[in-house]
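Me: I should like to go through this structure and ask, for each label, on what grounds the label is given.

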Amino acid sequence: MDTTKVALVGLGTVGTGVAHLLLDEADRLARHAGRRLSLAWVVVQDRDKPRDIHLPRSLLTDDLSQVTDDPEITAVVQLVGGLEPARTIMIRLLESGKDVVTANKALLAEHGPELFDHARQLGRSISFDAAVGGGIPIVTNISQCLSANQIESLHGILNGTCNFVISRMDGAGASYRDALAEAQRRGYAEADPTMDVDGSDAAQKLAILAHLAFGARVHWQDIPREGIDQLQTADLQFARELGYRIKLLAVAQLVAEELELHVAPQLVRHDSPLAEVRDAYNAVRVVGDAVGRVWFHGLGAGRMPTASAVVADLVDTVVGRAAITFRTLELWSQRPARVMPRDNAHVSSRYYLRFDVVDHPGVLAEITGILGRHKISIASVIQHETGESAEEIVSLVVMTHTTTDGAIRQAVGEINVLEAVQAPTRVLRVLD
Ligand code: NDP
Ligand code: HSE
(Lines give C-alpha, C1' and ligand atoms only; values in the text may rest on other atoms or scores of the structure.)
(Ligands and ions follow the chains in the order given, each with its own letter.)
Protein backbone atom coordinates (compact mmCIF):
# COMPACT_ATOMS: atom_id res chain seq x y z
CA MET A 1 0.00 0.00 0.00
CA ASP A 2 1.26 3.55 -0.82
CA THR A 3 2.02 5.99 1.96
CA THR A 4 1.12 9.69 2.13
CA LYS A 5 3.03 11.90 4.55
CA VAL A 6 0.84 14.25 6.57
CA ALA A 7 1.57 16.75 9.33
CA LEU A 8 -0.23 18.31 12.28
CA VAL A 9 0.13 21.88 13.52
CA GLY A 10 -1.23 22.22 17.09
CA LEU A 11 -1.36 19.49 19.71
CA GLY A 12 -3.94 20.85 22.15
CA THR A 13 -7.38 19.40 22.88
CA VAL A 14 -8.26 18.55 19.28
CA GLY A 15 -4.74 18.00 17.94
CA THR A 16 -4.15 15.33 20.59
CA GLY A 17 -7.27 13.47 19.42
CA VAL A 18 -6.14 13.71 15.80
CA ALA A 19 -2.66 12.39 16.65
CA HIS A 20 -4.26 9.52 18.57
CA LEU A 21 -6.40 8.50 15.56
CA LEU A 22 -3.52 8.82 13.10
CA LEU A 23 -1.18 6.72 15.25
CA ASP A 24 -3.50 4.19 16.89
CA GLU A 25 -6.10 3.70 14.16
CA ALA A 26 -3.73 3.73 11.19
CA ASP A 27 -5.10 0.50 9.69
CA ARG A 28 -8.70 1.71 9.83
CA LEU A 29 -7.75 4.99 8.16
CA ALA A 30 -5.69 3.19 5.51
CA ARG A 31 -8.73 1.11 4.56
CA HIS A 32 -10.75 4.32 3.99
CA ALA A 33 -7.99 6.26 2.26
CA GLY A 34 -6.61 3.39 0.17
CA ARG A 35 -3.15 4.39 1.42
CA ARG A 36 -1.35 4.71 4.73
CA LEU A 37 -1.27 8.12 6.37
CA SER A 38 2.12 8.64 7.92
CA LEU A 39 2.37 11.41 10.54
CA ALA A 40 5.67 13.08 9.68
CA TRP A 41 5.68 16.11 12.01
CA VAL A 42 3.68 17.61 14.86
CA VAL A 43 4.33 21.35 15.14
CA VAL A 44 3.78 22.93 18.56
CA GLN A 45 4.73 26.10 20.34
CA ASP A 46 6.48 24.47 23.26
CA ARG A 47 8.21 21.11 22.71
CA ASP A 48 8.78 20.61 26.44
CA LYS A 49 5.17 20.98 27.55
CA PRO A 50 3.70 17.85 29.20
CA ARG A 51 1.27 16.14 26.79
CA ASP A 52 -1.74 13.85 27.20
CA ILE A 53 -0.33 11.58 24.51
CA HIS A 54 2.90 9.65 24.18
CA LEU A 55 4.60 10.69 20.94
CA PRO A 56 8.13 9.91 19.75
CA ARG A 57 10.00 13.12 20.65
CA SER A 58 11.49 13.16 17.15
CA LEU A 59 7.98 13.92 15.75
CA LEU A 60 7.65 17.18 17.73
CA THR A 61 9.00 20.43 16.36
CA ASP A 62 8.46 24.11 16.93
CA ASP A 63 9.68 24.91 13.42
CA LEU A 64 6.93 25.11 10.80
CA SER A 65 9.47 25.05 7.98
CA GLN A 66 10.08 21.36 8.71
CA VAL A 67 6.61 20.93 7.18
CA THR A 68 6.59 23.67 4.55
CA ASP A 69 10.01 22.62 3.21
CA ASP A 70 9.08 18.95 2.78
CA PRO A 71 7.48 18.48 -0.67
CA GLU A 72 6.38 14.95 0.21
CA ILE A 73 3.93 16.32 2.80
CA THR A 74 0.81 17.23 0.81
CA ALA A 75 -1.88 17.49 3.48
CA VAL A 76 -1.64 19.30 6.82
CA VAL A 77 -4.06 19.57 9.74
CA GLN A 78 -3.95 23.06 11.23
CA LEU A 79 -5.32 23.22 14.79
CA VAL A 80 -3.99 26.49 16.14
CA GLY A 81 -6.92 28.58 17.37
CA GLY A 82 -7.68 32.30 17.02
CA LEU A 83 -6.68 34.64 14.21
CA GLU A 84 -2.92 35.05 14.49
CA PRO A 85 -0.61 33.24 14.07
CA ALA A 86 -3.28 30.84 12.69
CA ARG A 87 -3.84 32.93 9.54
CA THR A 88 -0.12 33.28 8.79
CA ILE A 89 0.42 29.56 9.35
CA MET A 90 -2.47 28.74 7.01
CA ILE A 91 -1.05 31.00 4.28
CA ARG A 92 2.44 29.53 4.65
CA LEU A 93 1.02 26.02 4.34
CA LEU A 94 -1.04 26.86 1.25
CA GLU A 95 1.84 28.69 -0.41
CA SER A 96 4.14 25.73 0.17
CA GLY A 97 1.72 23.49 -1.72
CA LYS A 98 -0.22 21.85 1.11
CA ASP A 99 -3.94 21.15 1.25
CA VAL A 100 -5.17 22.22 4.68
CA VAL A 101 -7.73 20.80 7.11
CA THR A 102 -8.81 23.01 10.00
CA ALA A 103 -11.36 23.30 12.83
CA ASN A 104 -10.71 27.01 13.32
CA LYS A 105 -14.09 28.69 12.74
CA ALA A 106 -12.90 32.04 14.11
CA LEU A 107 -10.29 32.19 11.36
CA LEU A 108 -12.73 31.15 8.62
CA ALA A 109 -15.50 33.48 9.81
CA GLU A 110 -13.05 36.40 9.80
CA HIS A 111 -10.78 35.63 6.83
CA GLY A 112 -12.56 32.75 5.04
CA PRO A 113 -13.26 34.51 1.69
CA GLU A 114 -9.67 35.77 1.42
CA LEU A 115 -8.16 32.39 2.39
CA PHE A 116 -10.50 30.45 0.09
CA ASP A 117 -9.66 32.69 -2.88
CA HIS A 118 -5.96 32.37 -2.13
CA ALA A 119 -6.20 28.57 -1.87
CA ARG A 120 -8.06 28.36 -5.20
CA GLN A 121 -5.50 30.52 -6.96
CA LEU A 122 -2.81 28.15 -5.69
CA GLY A 123 -4.83 25.07 -6.69
CA ARG A 124 -5.12 23.97 -3.07
CA SER A 125 -8.11 23.07 -0.85
CA ILE A 126 -9.25 23.98 2.66
CA SER A 127 -11.56 21.56 4.52
CA PHE A 128 -13.36 22.56 7.66
CA ASP A 129 -16.13 20.17 8.67
CA ALA A 130 -15.02 20.28 12.32
CA ALA A 131 -15.36 24.08 12.39
CA VAL A 132 -19.15 23.77 12.82
CA GLY A 133 -20.88 21.24 15.03
CA GLY A 134 -17.71 19.44 16.22
CA GLY A 135 -18.28 15.78 15.41
CA ILE A 136 -21.52 16.31 13.45
CA PRO A 137 -20.85 16.19 9.70
CA ILE A 138 -23.03 19.23 9.08
CA VAL A 139 -20.70 21.01 6.64
CA THR A 140 -20.42 17.98 4.38
CA ASN A 141 -24.14 17.32 4.58
CA ILE A 142 -25.13 20.85 3.62
CA SER A 143 -22.53 21.28 0.91
CA GLN A 144 -22.86 17.81 -0.63
CA CYS A 145 -25.75 15.64 0.52
CA LEU A 146 -28.44 18.36 0.42
CA SER A 147 -27.32 19.95 -2.84
CA ALA A 148 -30.64 19.15 -4.56
CA ASN A 149 -32.43 21.49 -2.15
CA GLN A 150 -33.09 25.14 -1.65
CA ILE A 151 -32.44 25.31 2.06
CA GLU A 152 -35.31 27.26 3.64
CA SER A 153 -34.21 27.42 7.25
CA LEU A 154 -31.62 26.23 9.66
CA HIS A 155 -31.96 26.23 13.46
CA GLY A 156 -28.91 25.11 15.39
CA ILE A 157 -27.52 24.63 18.84
CA LEU A 158 -23.98 25.32 17.73
CA ASN A 159 -22.05 26.04 20.90
CA GLY A 160 -21.31 23.07 23.15
CA THR A 161 -20.08 25.22 26.02
CA CYS A 162 -23.30 27.24 26.22
CA ASN A 163 -25.47 24.16 25.94
CA PHE A 164 -23.42 22.49 28.67
CA VAL A 165 -23.74 25.53 30.96
CA ILE A 166 -27.50 25.84 30.39
CA SER A 167 -28.00 22.10 30.96
CA ARG A 168 -26.07 22.23 34.25
CA MET A 169 -27.91 25.34 35.48
CA ASP A 170 -31.29 23.98 34.46
CA GLY A 171 -30.94 20.31 35.41
CA ALA A 172 -28.45 20.19 38.28
CA GLY A 173 -29.03 23.69 39.65
CA ALA A 174 -25.34 24.57 39.15
CA SER A 175 -24.27 28.20 39.21
CA TYR A 176 -23.32 29.84 35.91
CA ARG A 177 -19.72 30.27 37.11
CA ASP A 178 -19.28 26.60 38.21
CA ALA A 179 -20.87 25.25 35.04
CA LEU A 180 -18.59 27.36 32.83
CA ALA A 181 -15.50 26.33 34.79
CA GLU A 182 -16.49 22.68 34.27
CA ALA A 183 -16.93 23.24 30.51
CA GLN A 184 -13.45 24.77 30.42
CA ARG A 185 -11.96 21.81 32.33
CA ARG A 186 -13.53 19.42 29.83
CA GLY A 187 -11.89 21.24 26.91
CA TYR A 188 -15.15 22.47 25.32
CA ALA A 189 -14.57 26.19 25.71
CA GLU A 190 -12.42 28.42 23.54
CA ALA A 191 -9.12 29.70 24.94
CA ASP A 192 -11.11 32.87 25.67
CA PRO A 193 -14.52 31.57 26.81
CA THR A 194 -16.06 35.02 26.33
CA MET A 195 -16.37 34.06 22.66
CA ASP A 196 -18.54 31.11 23.69
CA VAL A 197 -20.82 32.73 26.23
CA ASP A 198 -21.49 36.01 24.40
CA GLY A 199 -22.71 34.21 21.27
CA SER A 200 -19.66 35.08 19.10
CA ASP A 201 -18.62 31.46 18.53
CA ALA A 202 -22.16 30.50 17.46
CA ALA A 203 -22.32 33.57 15.19
CA GLN A 204 -19.02 32.56 13.55
CA LYS A 205 -20.39 29.08 12.89
CA LEU A 206 -23.67 30.52 11.61
CA ALA A 207 -21.76 32.77 9.19
CA ILE A 208 -20.03 29.66 7.80
CA LEU A 209 -23.33 27.76 7.47
CA ALA A 210 -25.02 30.79 5.87
CA HIS A 211 -22.32 30.72 3.21
CA LEU A 212 -22.72 26.99 2.60
CA ALA A 213 -26.51 26.85 2.72
CA PHE A 214 -27.48 30.20 1.21
CA GLY A 215 -24.34 31.37 -0.64
CA ALA A 216 -24.34 34.44 1.63
CA ARG A 217 -21.02 35.96 2.60
CA VAL A 218 -21.90 37.68 5.82
CA HIS A 219 -19.39 38.82 8.39
CA TRP A 220 -20.15 37.18 11.73
CA GLN A 221 -20.07 40.52 13.55
CA ASP A 222 -22.97 41.70 11.39
CA ILE A 223 -25.16 38.91 12.75
CA PRO A 224 -27.33 40.17 15.65
CA ARG A 225 -26.23 38.10 18.60
CA GLU A 226 -26.88 37.65 22.26
CA GLY A 227 -25.24 35.02 24.45
CA ILE A 228 -26.05 33.26 27.69
CA ASP A 229 -24.00 35.60 29.87
CA GLN A 230 -27.13 37.54 30.85
CA LEU A 231 -29.31 34.46 31.30
CA GLN A 232 -30.82 34.09 34.75
CA THR A 233 -31.90 30.94 36.55
CA ALA A 234 -35.31 32.60 36.97
CA ASP A 235 -35.81 32.55 33.16
CA LEU A 236 -34.93 28.85 32.98
CA GLN A 237 -37.49 28.16 35.73
CA PHE A 238 -40.26 30.28 34.21
CA ALA A 239 -39.65 28.64 30.83
CA ARG A 240 -40.07 25.20 32.45
CA GLU A 241 -43.29 26.32 34.10
CA LEU A 242 -44.60 27.34 30.70
CA GLY A 243 -43.64 24.00 29.13
CA TYR A 244 -40.46 25.19 27.41
CA ARG A 245 -36.67 24.99 27.73
CA ILE A 246 -34.20 27.76 26.91
CA LYS A 247 -31.49 27.05 24.32
CA LEU A 248 -28.93 29.27 22.63
CA LEU A 249 -30.10 29.06 19.01
CA ALA A 250 -28.33 30.12 15.84
CA VAL A 251 -30.97 30.77 13.19
CA ALA A 252 -30.81 31.36 9.44
CA GLN A 253 -34.16 31.48 7.64
CA LEU A 254 -35.52 32.80 4.38
CA VAL A 255 -38.30 35.31 5.10
CA ALA A 256 -39.89 36.74 1.94
CA GLU A 257 -36.69 35.83 0.00
CA GLU A 258 -34.40 37.62 2.43
CA LEU A 259 -32.08 35.80 4.78
CA GLU A 260 -32.76 36.53 8.45
CA LEU A 261 -29.90 35.63 10.79
CA HIS A 262 -29.55 35.81 14.54
CA VAL A 263 -28.05 34.11 17.57
CA ALA A 264 -29.97 34.36 20.84
CA PRO A 265 -31.32 32.35 23.75
CA GLN A 266 -34.83 31.22 22.79
CA LEU A 267 -37.64 29.20 24.28
CA VAL A 268 -38.21 25.84 22.59
CA ARG A 269 -41.10 23.51 23.42
CA HIS A 270 -40.11 20.93 26.03
CA ASP A 271 -41.15 18.04 23.74
CA SER A 272 -39.22 19.22 20.67
CA PRO A 273 -35.94 17.51 19.69
CA LEU A 274 -34.00 20.75 20.32
CA ALA A 275 -35.15 20.75 23.96
CA GLU A 276 -33.67 17.26 24.37
CA VAL A 277 -30.17 18.38 23.34
CA ARG A 278 -28.10 18.26 26.53
CA ASP A 279 -24.59 18.94 27.77
CA ALA A 280 -22.00 19.58 25.04
CA TYR A 281 -24.23 18.14 22.33
CA ASN A 282 -25.07 20.24 19.29
CA ALA A 283 -28.03 19.84 16.97
CA VAL A 284 -29.10 21.38 13.70
CA ARG A 285 -32.55 21.28 12.13
CA VAL A 286 -32.41 21.95 8.40
CA VAL A 287 -35.48 22.41 6.22
CA GLY A 288 -34.96 21.91 2.48
CA ASP A 289 -37.63 22.29 -0.20
CA ALA A 290 -37.18 18.72 -1.45
CA VAL A 291 -36.11 16.76 1.60
CA GLY A 292 -38.30 18.53 4.18
CA ARG A 293 -37.03 18.56 7.76
CA VAL A 294 -33.69 16.86 8.56
CA TRP A 295 -32.04 16.62 11.97
CA PHE A 296 -28.38 16.34 12.91
CA HIS A 297 -27.33 15.64 16.47
CA GLY A 298 -24.00 14.84 18.11
CA LEU A 299 -21.20 16.08 20.28
CA GLY A 300 -20.30 19.60 19.21
CA ALA A 301 -17.07 19.95 21.14
CA GLY A 302 -14.39 17.88 22.84
CA ARG A 303 -11.28 15.98 21.85
CA MET A 304 -12.41 12.84 20.07
CA PRO A 305 -15.69 14.04 18.47
CA THR A 306 -13.88 16.99 16.90
CA ALA A 307 -10.92 14.82 15.92
CA SER A 308 -13.38 12.46 14.20
CA ALA A 309 -14.49 15.24 11.84
CA VAL A 310 -10.94 16.52 11.29
CA VAL A 311 -9.57 13.10 10.37
CA ALA A 312 -12.51 12.42 8.02
CA ASP A 313 -11.59 15.67 6.24
CA LEU A 314 -7.98 14.54 6.09
CA VAL A 315 -9.00 11.24 4.48
CA ASP A 316 -11.18 13.19 1.99
CA THR A 317 -8.22 15.43 1.22
CA VAL A 318 -5.85 12.55 0.58
CA VAL A 319 -8.28 10.70 -1.70
CA GLY A 320 -9.15 13.90 -3.65
CA ARG A 321 -12.79 14.37 -2.57
CA ALA A 322 -12.01 17.56 -0.64
CA ALA A 323 -10.64 19.30 -3.75
CA ILE A 324 -13.87 18.64 -5.67
CA THR A 325 -16.10 19.94 -2.86
CA PHE A 326 -13.88 22.97 -2.37
CA ARG A 327 -14.08 23.91 -6.07
CA THR A 328 -17.89 23.72 -6.13
CA LEU A 329 -18.22 26.06 -3.13
CA GLU A 330 -17.11 28.96 -5.32
CA LEU A 331 -19.82 28.27 -7.94
CA TRP A 332 -22.43 28.06 -5.23
CA SER A 333 -21.66 31.47 -3.75
CA GLN A 334 -22.15 33.26 -7.07
CA ARG A 335 -25.89 33.81 -6.40
CA PRO A 336 -26.07 34.61 -2.71
CA ALA A 337 -29.32 35.17 -0.81
CA ARG A 338 -29.89 38.80 0.17
CA VAL A 339 -29.28 39.27 3.90
CA MET A 340 -32.06 41.08 5.77
CA PRO A 341 -30.96 44.35 7.40
CA ARG A 342 -30.47 44.20 11.17
CA ASP A 343 -33.44 44.95 13.42
CA ASN A 344 -36.02 44.39 10.71
CA ALA A 345 -39.27 45.39 12.42
CA HIS A 346 -41.35 42.87 10.43
CA VAL A 347 -39.74 39.65 11.71
CA SER A 348 -42.47 37.84 13.61
CA SER A 349 -42.46 35.40 16.51
CA ARG A 350 -44.07 34.73 19.86
CA TYR A 351 -42.19 36.35 22.73
CA TYR A 352 -41.40 35.69 26.39
CA LEU A 353 -41.23 38.90 28.41
CA ARG A 354 -40.09 39.11 32.04
CA PHE A 355 -40.71 42.36 33.87
CA ASP A 356 -39.22 42.97 37.32
CA VAL A 357 -41.75 45.30 38.91
CA VAL A 358 -42.77 46.77 42.23
CA ASP A 359 -45.80 44.83 43.42
CA HIS A 360 -48.37 47.61 43.76
CA PRO A 361 -51.85 48.18 42.39
CA GLY A 362 -52.26 48.96 38.70
CA VAL A 363 -48.83 47.76 37.46
CA LEU A 364 -50.19 44.78 35.56
CA ALA A 365 -52.85 47.01 33.97
CA GLU A 366 -50.22 49.59 32.93
CA ILE A 367 -48.07 46.93 31.25
CA THR A 368 -50.87 45.07 29.53
CA GLY A 369 -52.29 48.42 28.43
CA ILE A 370 -49.05 49.28 26.61
CA LEU A 371 -48.87 45.80 25.06
CA GLY A 372 -52.48 46.18 23.93
CA ARG A 373 -51.84 49.56 22.33
CA HIS A 374 -49.11 47.92 20.24
CA LYS A 375 -51.57 45.17 19.27
CA ILE A 376 -49.57 42.56 21.17
CA SER A 377 -51.91 39.85 22.30
CA ILE A 378 -51.15 37.99 25.54
CA ALA A 379 -51.16 34.17 25.53
CA SER A 380 -50.40 33.63 29.24
CA VAL A 381 -49.19 35.43 32.37
CA ILE A 382 -47.31 34.26 35.49
CA GLN A 383 -46.86 36.13 38.72
CA HIS A 384 -45.98 34.18 41.85
CA GLU A 385 -47.64 35.14 45.09
CA THR A 386 -45.54 37.35 47.36
CA GLY A 387 -45.82 38.22 51.06
CA GLU A 388 -48.17 40.89 52.33
CA SER A 389 -45.46 43.52 52.76
CA ALA A 390 -46.03 46.31 50.27
CA GLU A 391 -43.60 47.34 47.50
CA GLU A 392 -41.90 43.95 47.06
CA ILE A 393 -40.22 43.39 43.70
CA VAL A 394 -41.74 40.56 41.71
CA SER A 395 -41.22 39.01 38.32
CA LEU A 396 -44.15 39.26 35.98
CA VAL A 397 -43.86 36.95 32.98
CA VAL A 398 -45.91 37.36 29.83
CA MET A 399 -46.03 35.02 26.85
CA THR A 400 -47.38 36.73 23.77
CA HIS A 401 -49.15 35.44 20.72
CA THR A 402 -47.35 35.99 17.41
CA THR A 403 -46.36 39.61 16.91
CA THR A 404 -43.56 41.56 15.27
CA ASP A 405 -40.13 42.44 16.54
CA GLY A 406 -40.91 46.10 15.86
CA ALA A 407 -44.04 46.06 18.04
CA ILE A 408 -42.16 44.35 20.87
CA ARG A 409 -39.28 46.83 20.73
CA GLN A 410 -41.62 49.82 20.86
CA ALA A 411 -43.75 48.41 23.67
CA VAL A 412 -40.77 47.34 25.77
CA GLY A 413 -39.18 50.76 25.25
CA GLU A 414 -42.28 52.35 26.81
CA ILE A 415 -42.56 49.78 29.60
CA ASN A 416 -38.90 50.09 30.64
CA VAL A 417 -39.38 53.73 31.64
CA LEU A 418 -42.41 53.10 33.86
CA GLU A 419 -41.76 53.97 37.49
CA ALA A 420 -42.70 50.49 38.72
CA VAL A 421 -40.27 48.73 36.40
CA GLN A 422 -37.00 48.00 38.22
CA ALA A 423 -34.81 46.46 35.50
CA PRO A 424 -34.72 46.28 31.69
CA THR A 425 -37.32 43.83 30.45
CA ARG A 426 -36.01 40.38 29.49
CA VAL A 427 -37.16 39.60 25.94
CA LEU A 428 -36.72 36.13 24.42
CA ARG A 429 -38.15 34.78 21.21
CA VAL A 430 -40.16 31.56 21.26
CA LEU A 431 -39.70 28.81 18.68
CA ASP A 432 -42.92 26.80 18.44
P1 NDP B 1 -5.78 24.36 22.18
O2 NDP B 1 -5.61 25.72 22.73
O3 NDP B 1 -6.05 23.24 23.11
O4 NDP B 1 -4.46 23.97 21.33
C5 NDP B 1 -3.84 24.86 20.47
C6 NDP B 1 -2.52 24.26 19.98
O7 NDP B 1 -1.91 25.18 19.09
C8 NDP B 1 -1.51 23.99 21.09
O9 NDP B 1 -1.00 22.70 20.94
C10 NDP B 1 -0.39 25.02 20.85
O11 NDP B 1 0.92 24.55 21.13
C12 NDP B 1 -0.51 25.19 19.35
N13 NDP B 1 0.08 26.45 18.91
C14 NDP B 1 -0.25 27.70 19.31
N15 NDP B 1 0.51 28.60 18.65
C16 NDP B 1 1.31 27.89 17.83
C17 NDP B 1 2.32 28.25 16.91
N18 NDP B 1 2.66 29.51 16.69
N19 NDP B 1 2.93 27.26 16.22
C20 NDP B 1 2.61 25.97 16.44
N21 NDP B 1 1.66 25.57 17.30
C22 NDP B 1 1.03 26.53 18.00
O23 NDP B 1 -6.90 24.44 21.07
P24 NDP B 1 -8.03 23.36 20.69
O25 NDP B 1 -7.39 22.08 20.32
O26 NDP B 1 -9.12 23.36 21.70
O27 NDP B 1 -8.68 24.04 19.39
C28 NDP B 1 -7.99 24.09 18.16
C29 NDP B 1 -8.93 24.70 17.13
O30 NDP B 1 -10.06 23.86 16.99
C31 NDP B 1 -9.47 26.07 17.54
O32 NDP B 1 -9.58 26.85 16.39
C33 NDP B 1 -10.85 25.76 18.11
O34 NDP B 1 -11.76 26.83 17.95
C35 NDP B 1 -11.26 24.60 17.23
N36 NDP B 1 -12.25 23.72 17.81
C37 NDP B 1 -12.08 23.25 19.09
C38 NDP B 1 -12.99 22.37 19.64
C39 NDP B 1 -12.86 21.86 21.03
O40 NDP B 1 -13.73 21.11 21.47
N41 NDP B 1 -11.78 22.19 21.75
C42 NDP B 1 -14.13 21.89 18.85
C43 NDP B 1 -14.20 22.41 17.49
C44 NDP B 1 -13.27 23.30 17.02
P45 NDP B 1 1.38 24.15 22.62
O46 NDP B 1 0.62 22.91 22.94
O47 NDP B 1 2.84 23.92 22.51
O48 NDP B 1 1.00 25.31 23.48
N1 HSE C 1 -15.92 26.27 22.04
C2 HSE C 1 -16.67 25.57 21.07
C3 HSE C 1 -17.99 25.09 21.67
C4 HSE C 1 -15.88 24.39 20.57
O5 HSE C 1 -18.12 25.13 22.91
O6 HSE C 1 -18.87 24.70 20.93
C7 HSE C 1 -16.52 23.74 19.37
O8 HSE C 1 -16.46 24.57 18.25
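Reply: A definition comes first: buried means under 20% relative accessible area, exposed over 50%, and partly exposed in between. The model is predicted, and every value below is computed from it.

Me: Why is Asp117 called partly exposed?

Reply: Its relative accessible area is 32%. Partly exposed covers what lies between 20% and 50%, so Asp117 belongs in that class.

Me: Why is Arg120 called buried?

Reply: Arg120 has a relative accessible area of 18%. The limit for buried is under 20%, and therefore Arg120 counts as buried.

Me: What makes the contact of Arg120 and Asp117 a salt bridge?

Reply: The side chains meet with an N to O distance of 3.6 Å. A salt bridge requires a side-chain nitrogen of Lys or Arg within 4 Å of a carboxyl oxygen of Asp or Glu, so the pair Arg120 and Asp117 qualifies. Both residues lie in helix 5 (residues 105-121), three residues apart, about one turn of the helix.

Me: How do you know that Arg429 and Glu260 form a salt bridge?

Reply: Their side chains meet at 3.4 Å, N to O. With the cut-off at 4 Å, the pair therefore meets the criterion. Here the partners come from distant parts of the chain: Arg429 is in strand 17 (residues 426-431) and Glu260 in strand 9 (residues 258-269), 169 residues apart. Both Arg429 and Glu260 are buried.

Me: Why are Arg354 and Asp356 called buried?

Reply: Arg354 has a relative accessible area of 5%, and Asp356 is at 17%. Buried means under 20%, so the term applies to Arg354 and to Asp356. The side chains of Arg354 and Asp356 also meet in a salt bridge, at 3.0 Å from N to O.

Me: Which residues do salt bridges that share partners join into one network with Arg354 and Asp356?

Reply: The network also takes in Glu226, Asp235 and Arg426. A search of the whole structure finds 30 salt bridges.

Me: Why is Ala256 called exposed?

Reply: Ala256 has a relative accessible area of 72%. Exposed means over 50%, so the label follows for Ala256. Ala256 lies in the loop between strand 8 (244-255) and strand 9, and its phi is near 50 degrees, a positive value in a residue other than glycine.

Me: What makes Asp279 partly exposed?

Reply: The relative accessible area of Asp279 is 29%. That value falls between the limits of 20% and 50%, so Asp279 is partly exposed. Asp279 is found in the loop between strand 9 and strand 10 (281-288). Its phi, too, is positive, near 50 degrees, in a residue other than glycine.

Me: What makes the contact between Arg51 and ligand 1 a polar contact?

Reply: A polar side-chain atom of Arg51 lies 2.6 Å from an oxygen atom of ligand 1. A polar contact is a pair of N or O atoms within 3.5 Å, so this pair qualifies. Backbone atoms take part as well: a polar atom of Gly302 is 2.7 Å from an oxygen atom of ligand 1, and a polar atom of Gly187 is 3.1 Å from a nitrogen atom of the ligand. In total, 24 residues surround ligand 1.

Me: How do you know that Glu190 makes a polar contact with ligand 2?

Reply: An N or O atom in the side chain of Glu190 is 2.7 Å from a nitrogen atom of ligand 2. The limit is 3.5 Å, so the pair counts as a polar contact. A polar side-chain atom of Asp196 lies 2.7 Å from a nitrogen atom of ligand 2. Glu190 is listed among the closest residues to ligand 2 and among the closest to ligand 1.

Me: What makes an empty space in the structure a cavity?

Reply: A cavity is a set of points where a 1.4 Å probe fits but cannot get out. The whole structure holds one cavity of 30 Å³ or more, with a volume of about 160 Å³. Among the 16 residues that line the cavity, the closest to its centre are Ser127, Phe128, Gln144, Asp313 and Thr325. Helix 13 gives the most to the lining, with five residues. The lining divides into seven nonpolar, five polar and four charged residues.

Key: Residues are numbered from 1 along each chain as its sequence is written. Chains are lettered from A and ligands numbered from 1 in the order in which they are written. This is a predicted model: local features need pLDDT of at least 70, side-chain atom pairs count only at pLDDT 80 or more; totals for chains, interfaces and linings use all residues. Side-chain values use heavy atoms; hydrogens and water are left out. On a 1 Å grid over the protein atoms alone, a cavity is a set of points where a 1.4 Å probe fits but cannot get out, and a pocket is an open set with protein on both sides within 12 Å along at least five of seven lines; lining residues have an atom within 4 Å of a point. Grid points are joined across faces, edges and corners, and a volume is the space filled by probe spheres set on the points. Helices (H or I, at least four residues) and strands (E, at least two) are DSSP runs, numbered from the N terminus. Ala, Val, Leu, Ile, Met, Phe, Trp, Tyr, Cys and Pro count as nonpolar, Asp, Glu, Lys and Arg as charged, and the others, Gly among them, as polar. Buried means under 20% relative accessible area, exposed over 50%, partly exposed in between (1.4 Å probe, protein chains only). A residue is near a molecule or strand if one of its heavy atoms lies within 4 Å of it. A polar contact is a pair of N or O atoms within 3.5 Å; within protein, one must be able to donate a hydrogen and the other to accept it, and residues adjacent in sequence count only if both atoms are side-chain atoms.
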